[in-house]
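Me: I should like a close look at a single part of this structure. Please describe the protein surface around one of the DNA strands.

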2 protein chains.
Amino acid sequence: MAKAKRVLKWQRDPEGMRLRILEAAKAEFATHGLAGARVDSIAKKAGANKRMLYYHVGNKEDLYLEVLEGAYEKIRAEERGLDLEHLEPPEAIARLIDFTWNYFIRNPEFLALLNTENLAKARHLKRSTKVKSMHSPFVEMIRTVVTRGVKSGDFRAAVDPVQLYISIAALAFFYLSNSATLSVIFGRDLLSKDARDERLEHMIALVLAALTGKSIAAFGKSKAPKLQVTAQQAV
Amino acid sequence: MAKAKRVLKWQRDPEGMRLRILEAAKAEFATHGLAGARVDSIAKKAGANKRMLYYHVGNKEDLYLEVLEGAYEKIRAEERGLDLEHLEPPEAIARLIDFTWNYFIRNPEFLALLNTENLAKARHLKRSTKVKSMHSPFVEMIRTVVTRGVKSGDFRAAVDPVQLYISIAALAFFYLSNSATLSVIFGRDLLSKDARDERLEHMIALVLAALTGKSIAAFGKSKAPKLQVTAQQAV
DNA sequence: CCGGAAATTAACCCGTTGGATAAATACTGT
DNA sequence: ACAGTATTTATCCAACGGGTTAATTTCCGG
């Protein structure tokens, strides 16, 4: 009877199963893209059966969309916890950059998912009702910081918050998302601790120098590490 | 005899065929990624037969690598024609940004290919002998511009040319590569003529303001359109 | 304790896809 | 001309992969 009885049958756990499926799917889609992802592989990783995916979520594309929406929800949630209102404008921008950078580092699948979705020309995102509704009041948050900075004299000129946000995301996103090819091209490991610190410093220096007019050298060394926004995990 | 004789048999054209295959492959890989690309589809688009791909290039991955190498060669070639040496440092940087931006716009497949390769963790690029040897003397070109700018007093502080190059590429790359999702999120068409002009202006303003210390507003409106670097096609 | 719904498994279906084989056709040098 | 090679076409196939069907097991309300 020792081995004979198999593994105590199985237990029911719909919610848990659903989560495990989505988690496994996120990993799979992130590493292989939409077309490269294998449904069977997701099932196995989730400790499930292929049929379960269809039972709990839907077909491959539904699954993918759900994963994508989840990813957006997660970052937006963390962003909301940033509250830049109570910081001096330059500090606020620095914190935003720091957060964005570290979020991307902590969640590499997010980068991959976005790239995958853009390869698909945002085909899935377009048909998503959820995501469209959550276009963050984040832009407003940034707009406030910028105008506040201009008034206080910290910033020299107003900047379109959308442009600024995209630029900040760009500086971090591109570096991390393309670190593999860039590392080969430039022959240096761009993901080493030192390289990452240097990059964060550079980004903050670049943006703040542009906004404040102070020398790009004024934002060196000390700044970045100090304000480490690790932001409470929002899940 | 009018229709009977078919289409005059066929003509031999190895080089032409090879080019058509690579061109078709570039388009296919760019739109569907590596896993999503279909060999048959490439063949059809090239006006060829699947067997031809294997005959002239090799299997799917070989084909992909060749396309990727070609893409790198092309941009490096155009970059070489930029000669920033004869420009005032700020002009040189502006021109570099302008060129990068317009190159990306003219060659959207390049962006997609890079993303695809990064999804694959640069697996193919690593085993490429060609690409590694051509890591542009481009970095040196930029380094020269920067140090020249510092000496002349145009720039306030020296910046690591690699960081600067990555940042410039980032500002353009991310915006264009992610325009699909960003457009959905922000609810505006980021690829309209106006939006593109605005973006170019913003990028130049941001980088030059950071480097020179002049107000971010000083680089408005007029600058960008004037120096249109369309760069002679290098193929 | 039992009947039925919910959850899970095992097995199969069938179009697709990368790749291979073999035969046909054009071209080249001699 | 003609042999030999380079190029191209026409089929074929085994594996894969998404999706489905049907049977099995757990659980919950009455």
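Reply: The following account concerns the surface around DNA strand D, with the terms explained as they arise.

The model is predicted; local features need pLDDT of at least 70 and side-chain atom pairs count only at pLDDT 80 or more, whereas totals for chains, interfaces and linings use all residues. Residues are numbered from 1 along each chain as its sequence is written, chains are lettered from A and ligands numbered from 1 in the order in which they are written, and side-chain values use heavy atoms, with hydrogens and water left out.

DNA strand D is surrounded by 21 residues, a residue being near the strand if one of its heavy atoms lies within 4 Å of it. The closest are K9(A), R12(A), R38(A), K50(A) and R12(B). Of the atoms of DNA strand D that come within 4 Å of the protein, 57% belong to sugar and phosphate.

Three polar contacts may be described in detail; the term denotes a pair of N or O atoms within 3.5 Å, and within protein one must be able to donate a hydrogen and the other to accept it, while residues adjacent in sequence count only if both atoms are side-chain atoms. The side chain of K50(A) places an N or O atom 2.6 Å from a base oxygen of DNA strand D. In R12(B), a polar side-chain atom is 2.2 Å from a base nitrogen of the strand. K60(A) instead uses a polar backbone atom, 3.1 Å from a phosphate oxygen of DNA strand D.

Two or more residues each are given to this surface by α3 (50–56) of chain A and by α1 (14–36) and α3 (50–56) of chain B. Helices here are DSSP runs (H or I, at least four residues), numbered from the N terminus. The most comes from α3(B), with four residues.

By class, the surface near DNA strand D comprises nine nonpolar, three polar and nine charged residues. Asp, Glu, Lys and Arg count as charged, Ala, Val, Leu, Ile, Met, Phe, Trp, Tyr, Cys and Pro as nonpolar, and the others, Gly among them, as polar.
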